[in-house]
Amino acid sequence: MKETTIPNQFEKTFSEFEKISSKIDPEWVKSIRKESLLIANSLGLPTARRGNEEWKYTDIKALNKTLFSDFSTYNIDDKPIEINYKNLEDDSLHEKIVFKDGICISKTFQKDSYVSNILNDNDISPENSNQLRNYLAKLTILDENFFAALNTTFFSFGALIYIPDNTNITKPIHLSIESSSQSEGNVANPRILVVLGKNSNATLIEEYLSFTNTKYLNNAVIEIIIGENSNLNHYRMQNESIESYAITNTTVWIESYAHYESTVTDIGGSLVRNNLNVITKQEGASAKLNGIYIVDEKQHIDNQVIIDHAMPNTNSRELYKGILSGHSRSVFHGSIIVREGAYKVDANQADKNLLLSDNAEADTKPAFWVYCDDVKCGHGAACGKIDESAIFYLQSRGIPEIQARSMLIYAFANEIIKDIKDEFIREYIESFVQYKLEKLIEIR
Amino acid sequence: MNNILDIHSLHATIGEKKILNGIDLKIQSGEVHAIMGPNGSGKSTLANVLAGHPSCKVIDGNALFLGQDLVSLEPEVRAQLGLFLSFQNPAEIPGVRLDHFMRAGINAIRRSKNQDDVDILGFDRAITKKAEVVSMDPQLIKRSVNEGFSGGEKKRSEIMQMAVFEPTLAILDEPDSGLDVDALKIVAEGINTLRTKDNSLLLITHYNRILNYIEPDFVHILINGKIVHSGDKTLAQEVENKGYDWL
Ligand SMILES: Nc1ncnc2c1ncn2[C@@H]1O[C@H](COP(=O)(O)OP(=O)(O)O)[C@@H](O)[C@H]1O
Ligand SMILES: [Mg+2]
């Protein structure tokens, strides 16, 4: 079943959009947009759930009613605001970049900045320009992905983070992705491309914040290439408005002996969908994917994580943990692919959920596609409630019941938080998680 | 001598089942009372009722601790007043370190008295000393509470906690079960070092052997949720020889 009203709307929106974008876009971007528009139109919103494994547990119909009335796109007059990093109070960061309603509005101008504004940076170096051309929209597979195609059609500016070979950045680069649109039904399409050269190390914070209570869709696409022998630590903190739809499509290529670590913390949004596709492109690549989601009321969170072990001697560790209260719902769909010839792959995934209410529901759907014999694949899933005997034990030592509960819930999340090596980020995520947990425990 | 605990005609149920059928017991400061009885006679239930376990319901009677009826108090308030339960089977708490667990308890108790939180470093040093009381491996203090602990390590941990919390009344529910002779001796002697003229012990046990190390002032026999016989320490020996059937 295809939606017909929506695509028409896109055509109209796109022709408006094109009046501006055609003045900015290089030819190659123009053709990417055209192709993506075709795909988005032909796919339509994935509202059919029957026979659609990918969207089986997540009902997207509600998007249809309110959304797509207002697209955040560029205004020809938009000039990025320059942020002099030195003026920022927070010297724990290397640099910071701000998105507003999907549009990259800021750029740092410190000497060793690694961020440029996609399509809106007059000073973009030929090297950066090459990276853009080589990789933008090359990682994400658009063919069956309406939301990624939509983003690729309409993204306006964006951030390119290019870290050359042999570069070691100790402090994090912070992407602050902010929603503030007052118009109901706004659609924002943040676009991020990260290219890490060989033998380099970097830390990326991707934070989603909201300054509005309207219903909006934040539809981000993130593409990441990690060069040979490099390490990327990637932290996502998502605290979108409780009315919003928050969708991310992240694709990561890991080259030989490179390592990718991702820690995602989701606490906001009414409907959250994270697609994370990680591909070990070369031998020796490894990934560690951690996630915490804390939801209540009618929040719905759906994590689709695919690890594609395309090459031998690659390994992956995945641990997602959910804390669910109220009538909330979580879906974890973890797929592990081991390609033919990808011997000595070591892959493990687990999803554990703590249910704080009888009305909350967590679904875990593991899937293995293994085309090679000499591999180790493991999987674990758990779903449980708070251990009341542990609560009594804590109380018997003088600890009030509410504090006892929050200690146990926090301990559950802490299995992931304690693993965060960067102290500044660990403390930040700790407070982020505490903030949400306090709300959950208050409501109880 | 002060009245520490005064239990009067205490009746309690778990679910639909009547477990305690009228308990009377008086404990004064400095005293050690042993409770013995066959399996399932209600020993742990009595301990749980006194500590405030939510699944035990008191349907009649009362239990005054330092003059205050425990029955209506939250478990944490009982602990804050100076009651301590060493569990027969303490729960595991994954992700909560034993030292943090104890510090949270001590701080909660201090806050209830409007005292400041403990100094973290000072507390760490103090608990290392307390671990020595029962020769507990100091590494265990940094691990998750009871997770992967052996039966003996759990018992040592409970008594170490007693040393940390310094309760007015410690209820020890089978601190001897699962311990070999050497460990039993260490734990029992540890308990003895914690005794003062101001605190009291309610020692629940299945066997006489721990009473060779911790000498009770009174021994009570609990059968079917009732104290059927009380006496001095010779009663324990008698039970050891003759079993419970003669009572
Ligand atoms: N949670 C429970 N639900 C139902 N019955 C229980 C529960 N806990 C204990 N009992 C029952 O209460 C009685 C006394 O148990 P307990 O106090 O543990 O005895 P003891 O410690 O003397 O061995 C037993 O018959 C036991 O089966
Ligand atoms: Mg018992």
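How many residue pairs are in polar contact across the interface of chain B and chain A? Keep that in mind while you load the structure, which is a predicted model. The rule finds nine such pairs, each with both residues at pLDDT 80 or more.

**Stop 1: where the chains meet**

Color chain A and chain B separately and go to the place where they touch. On one side you have 32 residues of chain B, and they are in contact with 17 residues of chain A. Putting the two chains together buries about 1,800 Å², and carbon and sulfur atoms give 67% of that area. Now select B:Glu76, B:Phe87 and B:Phe101: within chain B, these lose the most area to chain A, together 27% of what that side buries.

Switch to cartoon view to see which pieces of chain B take part. Helix 1, helix 2 (75-81), strand 6, strand 7, helix 3 (98-112) and helix 5 (151-165) of chain B each give two or more residues to the side that touches chain A. Helix 3 of chain B gives the most, with six residues.

Next, select B:Glu158 and A:Arg397 and show their side chains. They meet in a salt bridge, with N to O at 2.9 Å. How many salt bridges does the rule find across this interface? Just one.

**Stop 2: the magnesium ion**

Select ligand 2, a magnesium ion, and look for the protein atoms that act as its donors. They are OG of B:Ser44 and OE1 of B:Gln88, lying 2.1 to 2.2 Å from the ion. Trace the chain between these two residues and you'll see that the pair links distant parts of it, 44 residues apart. B:Ser44 sits in helix 1 (residues 43-51) of chain B, while B:Gln88 is in the loop between strand 6 (83-86) and strand 7 (93-97).

Are these donors buried or exposed? B:Ser44 has a relative accessible area of 23%, so it is partly exposed. B:Gln88 is partly exposed too, at 25% relative accessibility.

**Stop 3: the nonpolar cores**

Time to look inside. Nonpolar side chains tend to be buried together in soluble globular proteins. Here, the largest nonpolar core has 117 residues, and A:Ile323 and B:Met102 have the most contacts inside it. Helix 7 (residues 401-417) of chain A gives the most to this core, with ten residues.

Center your view on B:Met102 and show what surrounds it. Leaving out residues up to four places away in sequence, B:Met102 touches B:Phe123, B:Ile127, B:Ile141, B:Met160, B:Gln161, B:Val164 and B:Phe165. There is also a second, separate core of 48 residues, which includes A:Phe157, A:Leu276, A:Ala285 and A:Leu324.

**Stop 4: charged pairs in chain A**

Side chains of opposite charge can pair when their charged atoms come close. Over all chains, a search of the whole structure finds 35 salt bridges. Let's visit a few.

- Select A:Asp419 and A:Lys288, whose side chains meet in a salt bridge at 3.1 Å, N to O. A:Asp419 is in the loop between helix 7 and helix 8 (423-443) of chain A, and A:Lys288 is in strand 17 (residues 286-295), 131 residues apart. Both are partly exposed: A:Asp419 at 33% relative accessibility, A:Lys288 at 22%.
- Move on to A:Asp363 and A:Arg329, where the closest N and O atoms of the salt bridge are 2.5 Å apart. Strand 22 (residues 361-370) holds A:Asp363 and strand 20 (residues 329-338) holds A:Arg329, 34 residues apart. Both residues are buried.
- Now pick A:Lys385 and A:Asp358, a salt bridge at 2.2 Å, N to O. Each lies in a loop, so the pair ties together parts that are 27 residues apart in sequence. A:Lys385 counts as exposed at 52% relative accessibility, and so does A:Asp358 at 66%.

To finish this stop, select A:Glu53, A:Lys56 and A:Lys365, which salt bridges with shared partners join into one network.

**Stop 5: A:Lys34**

Last, find A:Lys34 in helix 2 (residues 27-43) of chain A. This residue is partly exposed, at 45% relative accessibility. Which residues does A:Lys34 touch, not counting those up to four places away in sequence? A:Phe14 and A:Glu18. For a final distance, draw a line from A:Lys34 to A:Arg317: their C-alpha atoms are separated by 38 Å, and the two residues are 283 apart along the chain.

How values were computed:
Residues are numbered from 1 along each chain as its sequence is written. Chains are lettered from A and ligands numbered from 1 in the order in which they are written. This is a predicted model: local features need pLDDT of at least 70, side-chain atom pairs count only at pLDDT 80 or more; totals for chains, interfaces and linings use all residues. Side-chain values use heavy atoms; hydrogens and water are left out. A nonpolar core is a set of buried Ala, Val, Leu, Ile, Met, Phe, Trp, Tyr and Cys residues joined through side-chain atoms within 4.5 Å. Buried means under 20% relative accessible area, exposed over 50%, partly exposed in between (1.4 Å probe, protein chains only). Helices (H or I, at least four residues) and strands (E, at least two) are DSSP runs, numbered from the N terminus. Contact means heavy atoms within 4.5 Å. Donors are N, O and S atoms within 2.8 Å of the metal (3.2 Å for Na, K and Ca); water is not among the atoms, so sites may look incomplete. Buried area is the accessible area (1.4 Å probe) that two parts lose on being put together, summed over both. A salt bridge is a side-chain nitrogen of Lys or Arg within 4 Å of a carboxyl oxygen of Asp or Glu. A polar contact is a pair of N or O atoms within 3.5 Å; within protein, one must be able to donate a hydrogen and the other to accept it, and residues adjacent in sequence count only if both atoms are side-chain atoms.
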